[in-house]
Amino acid sequence: MVLKLFNTLSRSVKEFAPSATPGRKVGMYCCGPTVYDFAHIGNWRTFVFADLVRRTLEFSGCDVKHVMNITDVEDKIIKRVQENKTSLRDFTGQFEAAFFDDLQALNCRRPHQTPRATEHIPEIVALIGKLVARGVAYQAGDGSVYFSIGKYRGCGCIYGQLQKLNLEELRVGERVAADEYDKEAVADFALWKARAPQDGNVFWPSPWGEGRPGWHIECSAMSMKALGETFDLHLGGEDLKFPHHEDEIAQSEGATGKPFVRHWLHGAHLLVEGKKMSKSLGNFFTLRDLLAKGFTGREVRCLLLTSHYRETFNFTLDGLHAAKASLARIDECVAKLRELAGGTAGVPEAKLVEAFSLALADDLNVSAAWAAVFKWVSEMNKRLAENSLGSAEAAAALAAWEQVDAVLGVSAKSGGEEIPADVAALLEARQAARKARDFKKSDAIRDELKARGWVIEDTPKGAKLKKI
Ligand SMILES: [Zn+2]
């Protein structure tokens, strides 16, 4: 499978070839959540997209090392920590845990490494030190350390690799202290922010005095630590192209003198019911909001996977109902094939797998991939209705579907919902308590499961979990 992907650096669709051809190892970094709130459905579009990229690479035989950072210190977090009069770790910990629960509910493969910024302060300080030593960063009168775009460009480096920027209007020495700013505010940006009263207890020592890192330097330090100074693939939402990713390139290449990332991939925005998502319009959804409306993680995943990653996607509740119906069609067909195959192991039937992989190889053309799946479902349903399918053919069809679903990740499991490991462990503990006739404990565990959204159904075949 020759995989072609759009590279934001060249603004063109290019063959994606891992740098380490033997073993086909791929280093892949995706900017992770800023854990100051629950991730919304626009964020989830990016994370499901990253999961699709990873699964497609694995499907094509690559050995992916997937790294996703946790931004647990930046401007918005500090503001909320102060407002909530809590500690940084207590505050971010709850949203980090919720993020991983949601990631699992959406059946995204967990990244191999999920480094936290607060646990990489020495690496961040060392990277800033390198930039200062190379003359592309400086400490300003306010005590903070800034990246000098002028000095960086003076070394022949390019600022504006991902997005065209009007650098002619750049005024030397003009600075921006905030983590987020727009294109009109291109200026020297903060690497290390001097301790300020509003930061409360959030500060660390450094050669430039007490303070905290800027958001952009966190990703440069963590990605290069995990994947090396030059790595294959960096992904994120298109809103991160500027300034975040542009600054990541400048900091990394400014420190090492080597190309930072070979291939950049950006996922497009998401609208909800045709409008930009906002709390005031009532179209702002976290995954939890959608689960509370009775949808499942796999229905949300399925809908998010119907749109091409470079196109703005209009997410609607009608679309979710349609995704539910599509999944029911697949489930019914797969269940019939399973019954007919009766446990026979099959060699994957090539037609579906070929059509599906050709579609994905073409810059992740998911519309064509789904078309191949539904053509297959129609054909299988026809053959099943005619009773013209033998058990070996059913097994081969099933094996092909399993290969395809290794990428899509939408199959029904455990009655439609994947059971998180900690929930499964609670069920086991409850069974053990019942066996020991400790009903007080078993009732307490049942209540705990209920609080987490699961009910126990005692069936003749044993206890089963069902999502509320
Ligand atoms: Zn990042």
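# Report on the predicted model

## A buried salt bridge and its network

Both R212 and D199 are buried, where buried stands for under 20% relative accessible area, exposed for over 50% and partly exposed for the range in between (1.4 Å probe, protein chains only). The model is a predicted one, in which local features need pLDDT of at least 70 and side-chain atom pairs count only at pLDDT 80 or more, whereas totals for chains, interfaces and linings use all residues. Residues are numbered from 1 along each chain as its sequence is written, and side-chain values rest on heavy atoms, with hydrogens and water left out.

The side chains of R212 and D199 meet in a salt bridge, with an N to O distance of 3.3 Å; the term requires a side-chain nitrogen of Lys or Arg within 4 Å of a carboxyl oxygen of Asp or Glu. This pair links distant parts of the chain, given that R212 sits in strand β9 (residues 211-213) and D199 in the loop between β8 and β9, 13 residues apart. Helices (H or I, at least four residues) and strands (E, at least two) are DSSP runs, numbered from the N terminus. Through salt bridges that share partners, R212 and D199 also belong to one network together with D75, D179 and K193.

## Overall architecture

The protein has 15 helices and 16 strands. Its radius of gyration, taken over C-alpha atoms, is 25 Å, close to the 23 Å expected for 468 residues from the globule rule, so the protein is as compact as a globular protein of that length; the rule itself is 2.2 Å times the number of residues to the power 0.38.

When the extent is taken along the principal axes, the C-alpha atoms of the protein fill a box of roughly 80 × 55 × 45 Å. Of the 468 residues, 51% count as buried, and the structure as a whole holds 33 salt bridges.

## Salt bridges involving helices

Within helix α1 (residues 41-59), R54 and E58 lie 4 residues apart, which is about one turn of the helix. Their side chains form a salt bridge with an N to O distance of 3.1 Å. The two partners differ in accessibility, in that R54 is buried with a relative accessible area of 6%, while E58 is partly exposed with a relative accessible area of 24%.

A second helix-borne pair consists of R288 and D102, whose closest N and O atoms are 3.0 Å apart in a salt bridge. Because R288 belongs to helix α8 (residues 287-292) and D102 to helix α3, the pair ties together parts that are 186 residues apart in sequence. In this pair, R288 counts as partly exposed at 31% relative accessibility, whereas D102 counts as buried at 3% relative accessibility.

## An enclosed helix

Helix α9 (residues 297-304) is largely enclosed by the rest of the structure, because 8 of its 8 residues are buried. The buried residues of α9 are G297, R298, E299, V300, R301, C302, L303 and L304, so that charged residue types such as R298, E299 and R301 appear in this list alongside V300 and L303.

## Backbone particulars

The peptide bond that joins F242 and P243 is cis, with omega at about 0°, and P243 is found in helix α7 (residues 241-256).

Positive phi values in residues other than glycine deserve separate mention. For R11, phi is near 55° although the residue is not a glycine; R11 lies in the loop between β1 (4-7) and β2 (12-15) and is partly exposed, with a relative accessible area of 42%. D363, likewise not a glycine, has a positive phi of about 50°; D363 is placed in the loop between α11 (350-361) and α12 (366-386), where D363 is buried with a relative accessible area of 4%.

## A buried loop proline

P111 occupies the loop between α3 (88-105) and α4 (121-133) and is buried, with a relative accessible area of 7%. The C-alpha atoms of P111 and T256 are separated by 26 Å, the two residues being 145 residues apart along the chain.
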